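Student: Could you take me through one part of this structure up close? I'd like to hear about the strands and how they sit beside one another.

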Amino acid sequence: MPLHLPDPPTDTLAVLDDEAVARVLDLIPIPSVHVRRRAERLELVAFNKLYRLSGLGTVTDRSPMLDALGPRIAGFLASAELRIDFDWTIGAAIDCRYYRVAFARTSSATADRCTITFIDLTSQHHTERSLRREMTTDSLTGLPNREGFTDLLEAAIGDGAHAVLVVDLARFGRINACMGSLAGDELLITVARRIKGALRARDTLARIGGDEFGILLAIDDAPDEAREVASRITAALSAPFRLTDYEIGVECSIGIAFDADATDPEEVIRHAQFAAKRAKSTGHAETYQDHAFVRLREQFGMETALRHAIEQRQLRLTFQPICDLRTRTVSSFEALARWTTPDGVEHAPADFIPVAEESGLIVPLGRWAIAEAARTLAMWDARLGGDCGVRVAVNLSAIQLQRDVIAPVVAAALRDNGLAGDRFTLELTESAIVGDPAGIADTIHALKALGTTLAMDDFGTGYSNLAYLQKLPIDILKIDRSFITGMLGDGDKVAIVRAILSLAQALGMRTTAEGIETLELGQTLAALGCTYGQGYAYARPLEADAALQLLLNAKA
């Protein structure tokens, strides 16, 4: 907010002699000077003690103030303005002083003199600059922080081509937790030095996050310069870091974005961070790709819509028959989630299930699926006048198993619908079991205690530990469709399926083959000893009413 001084009594000063003017100015508590124009020449009439101490010049011919402000004073006296205020600096960079200056007079008719006052803002300016420096500097490394880096990038945009690199350190959280914050700080400082050593003199390094560094590069010739710098950084960080008694290897992910692909500095940084996230999975520096970012935005939009769909119960279950390969009768149905928006857009499970898992929505989605499957099975029983003779299989996600307590959810669904546990089959993916076999064992045993059937889905696609497979109460192995599709013309697939069937028989487990598309393939699998099969050869996923009709036809 501009500072405004009270107008000095210029009319009074105009009728006083120079000595009297000086006495009046001494009453003003800031540097003040009375200037008169005589014969087109400005001269200092009087000034107070504070002005004399300011070093702005007390001799007309040698006054730095008059030299700097003379044209402006003359313009003010020639105008009709009664007062003007403005900021003014004087001096070199080292001893520069900052003032708020006011020219004032009480009447535009007073065209030959005015009083000038000065508020010294130098200390305030230095304090603000110091605070600004603290706000934009990382206290640990002395590098610009996220805010400072954004300011530098904003200043650079429009002045040639630039690239932003984001270097994300891997395992820093574990190192910090295991070795302490002092070791973590030492590592960050050392990493910063190594990265700095890999940069060109004109490149700018900043620490923009806990374990994240940002680099601003000026592109002279071609965008490949950014990849060359990224390669040098990777090489610089490849040597182990010595921390106390340990030598620690630190890997990094590097994302690259260009200012030409964004409208503001924050967007450029976000693009580089997004590319760094992709680099974690690819193992090499990645450049921002707009289509990938658009896809991510679409997933966030899908997450919002899915959350609403779950709350509004806009999803439904379809049911794919699982047949006994020997008798070709339906033994169970696999419940499959389907989502159609109110405006008729059908979302494939392959699209919305990963979004649900990443966002945590898989927990309410999974709970709904269990409850809805139980409700539907109870409805079929009621329509058929008793046990309809089939089970319902529900898939359990690995994320769902980690984040939810599944057994009480299943128990409540069975109890609320008057179903016995053996009417439910729960399908667990092989990756969920292999990823945390010890942690998931309690859940599996709790589900088994309810009387449910447990199936390992997609068997053969992971890396099963046979010891755990033997210990856990798995009832059914579901052979992944990748081994079933085209099996009749592929001797290797036949050998793999034979091996899985032999393993299941040895462990006392039944088997289900997924993806059976011809009756001939089903007959071959039955001859090999496979228990159950599902696929388009028998039926596509059916709506609940169509599945009920299938059961009614079988009873007729």
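Tutor: Here is a walk through the strands, with a short look at the nonpolar cores afterwards. Keep in mind that this is a predicted model.

Let's start with β4, residues 97-104. Seven of its eight residues are buried, so the rest of the structure largely encloses this strand. It has partners to look at, too. Strand β3 (residues 83-90) pairs with β4 in the antiparallel sense, over eight bridges, and in that pairing R83 stands opposite A104. β4 also pairs with β5 (residues 113-120), again antiparallel, this time over six bridges. There, F103 of β4 faces I116 in β5.

Now move along the chain to the open sheet. Five strands make it up, in the order β7-β8-β6-β11-β12, and the pairing is mixed. β7 (204-209) and β12 (286-287) are the edge strands, each pairing on one side only. For β7, five bridges tie it to β8 (residues 212-219), and the two run antiparallel. If you want a pair to click on, L205 stands opposite I215 in β8.

On to the cores. The largest nonpolar one has 75 residues, and L315, F319, W380, V394, F424 and L525 have the most contacts inside it. Helix α13 (residues 362-384) is the top contributor, giving eleven residues. Zoom in on V394: leaving aside neighbours within four places in sequence, its contacts include A369, I370, A373 and F424. Another core, of 32 residues, lies apart from that one, and L217 is among its members, along with L143, L165 and I248.

Methods:
Residues numbered from 1 in each chain as written. Predicted model: local features only at pLDDT ≥ 70, side-chain atom pairs only at ≥ 80, totals over all residues. Heavy atoms only, no water. Pairing = 2+ DSSP bridges. Helix = DSSP H or I, 4+ residues; strand = E, 2+ residues; numbered from the N terminus. Buried < 20%, exposed > 50% of the residue type's maximum accessible area, 1.4 Å probe, protein only. Core = buried A, V, L, I, M, F, W, Y, C linked by side-chain atoms within 4.5 Å. Contact = heavy atoms within 4.5 Å.
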